[in-house]
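Reader: I am new to reading protein structures, and I would like some help with this one. Could we walk through it together, one question at a time?

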Amino acid sequence: MMNHFLMTLPSSLSSHHLCLILVILHQVFSVLSHTEDDVTRFKLKANNMVPFVIPEMPQHTLSVVYLHTTIKSGNKINGYEIIDEPVNVTWPAKAGSYYTLFMIGPDAPVREQPMDKNWLHWLVTNIKGNDVKGGDKIAEYCGSLAGYERGPHWIVYVVYENSSGKETKFDEALIAKGDPYAKRTSFDLVNFTQKYGMRGPVAANFAGLDLRYGQQ
């Protein structure tokens, strides 16, 4: 494609102009060649999600789709859009393997004063493939909370593979949606994944949450 483009350029162009064109074309093709996984990994690192929330860089982008929004590598969303569970969560899963999904608010309730940091919004274990609805809940889904979240903060989604990719018995009490919020604060992702010998992270994604975003 590039060779064809160069053949169409006027022969009167100087070598200096040709060099500039080649540099620009190289930059354009470099950007276009970046995969979604590349972009996600770059933004996770640039926004300190790795290593301060997720200890290591995930292999893949975690696709998280809600009825009214989609999580896209740190995009801004309105908290009201994630009150209910996402309609679809997928990642490149191995056939027959079991996984665990985490949804964490690392700087809740507001970035400047993260008094309840690492707030556990959702934890589903023993997910066979991408069948999140068929997994075992340890923390029932609790999305954005009007009146509790007082400003912009991050929301992080990450998937790990269960130990040996097998179904695992978890010694954890269920955190129901109506339970006191104190049960969800200060969740230790590293300790949990190490405790159960999980592998990964396999996939991740994140967004900037603000109840006022998009409002006039």
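Author: Happily! Keep in mind that this is a predicted model. Let's begin with Leu123: leaving aside neighbours within four places in sequence, Leu123 is in contact with Thr100, Leu101, Phe102, Asp136, Lys137, Ile138, Ala139, Phe187 and Phe192.

Reader: Which residues have the most contacts inside the largest nonpolar core?

Author: That core has 24 residues. Leu123 belongs to the group you are asking about, and two of the residues Leu123 touches, Phe187 and Phe192, are in that group too. The full group is Ile54, Phe102, Leu123, Phe187 and Phe192.

Reader: Which element gives the most to this core?

Author: Several elements give two or more residues to the core, among them α4 (49-52), β6 (98-105), β8 (136-139) and α5 (189-195). The strands β9 (153-161) and β10 (199-210) are also on that list. With four residues, the one that gives the most is β9.

Reader: How many of the residues of β9 are buried?

Author: Look at the two ways its side chains point. His153, Ile155, Tyr157, Val159 and Glu161 point one way, while Trp154, Val156, Val158 and Tyr160 point the other way, and all are buried. The strand is mostly covered, and the count of buried residues in β9 is nine of nine.

Reader: Which residue stands opposite His153 in β10?

Author: β9 pairs with two strands we have already met. With β6 the pairing is antiparallel over six bridges, and there Thr100 stands opposite Tyr160 of β9. With β10 the pairing is also antiparallel, over eight bridges, and the residue opposite His153 is Leu209.

Reader: How many residues are in the second, separate core?

Author: Leu209 helps us here, since this second core includes Leu209 along with Ile71, Met103 and Val202. The core is separate from the one we discussed, and its number of residues is 23.

Reader: Which strands stand at the edges of the open sheet of three strands?

Author: The order in this sheet is β3-β2-β5, with antiparallel pairing. Strand β2 (residues 63-65) pairs with β3 over two bridges, and Val64 stands opposite Ile71 in β3. An edge strand has a single partner strand, so one side is left without a neighbour in the sheet; that describes β3 (70-71) and β5 (88-90).

Reader: Is Thr125 buried or exposed?

Author: Thr125 is found in strand β7 (residues 119-128). Beyond residues up to four places away in sequence, Thr125 touches Tyr99, Thr100, Gly135, Asp136, Ile138 and Phe170. The relative accessible area of Thr125 is 2%, and the cut-off for this class is under 20%, so Thr125 counts as buried.

Reader: What does Arg111 count as, at 35% relative accessibility?

Author: Arg111 lies in the loop between β6 and β7. Leaving aside neighbours within four places in sequence, Arg111 is in contact with Pro152, His153 and Trp154. A value of 35% falls between the 20% and 50% cut-offs, so Arg111 counts as partly exposed.

Reader: How far apart in space are Arg111 and Gly151?

Author: In sequence, these two residues are 40 residues apart. From C-alpha to C-alpha, the distance in space is 7.1 Å.

Reader: To finish with the whole chain, what percentage of contacts between residues at least 6 apart in sequence join residues at least 24 apart?

Author: The protein chain has five helices and ten strands, and 44% of its 216 residues count as buried. For the contacts you describe, the share is 74%.

Methods
Residues numbered from 1 in each chain as written. Predicted model: local features only at pLDDT ≥ 70, side-chain atom pairs only at ≥ 80, totals over all residues. Heavy atoms only, no water. Buried < 20%, exposed > 50% of the residue type's maximum accessible area, 1.4 Å probe, protein only. Contact = heavy atoms within 4.5 Å. Core = buried A, V, L, I, M, F, W, Y, C linked by side-chain atoms within 4.5 Å. Pairing = 2+ DSSP bridges.
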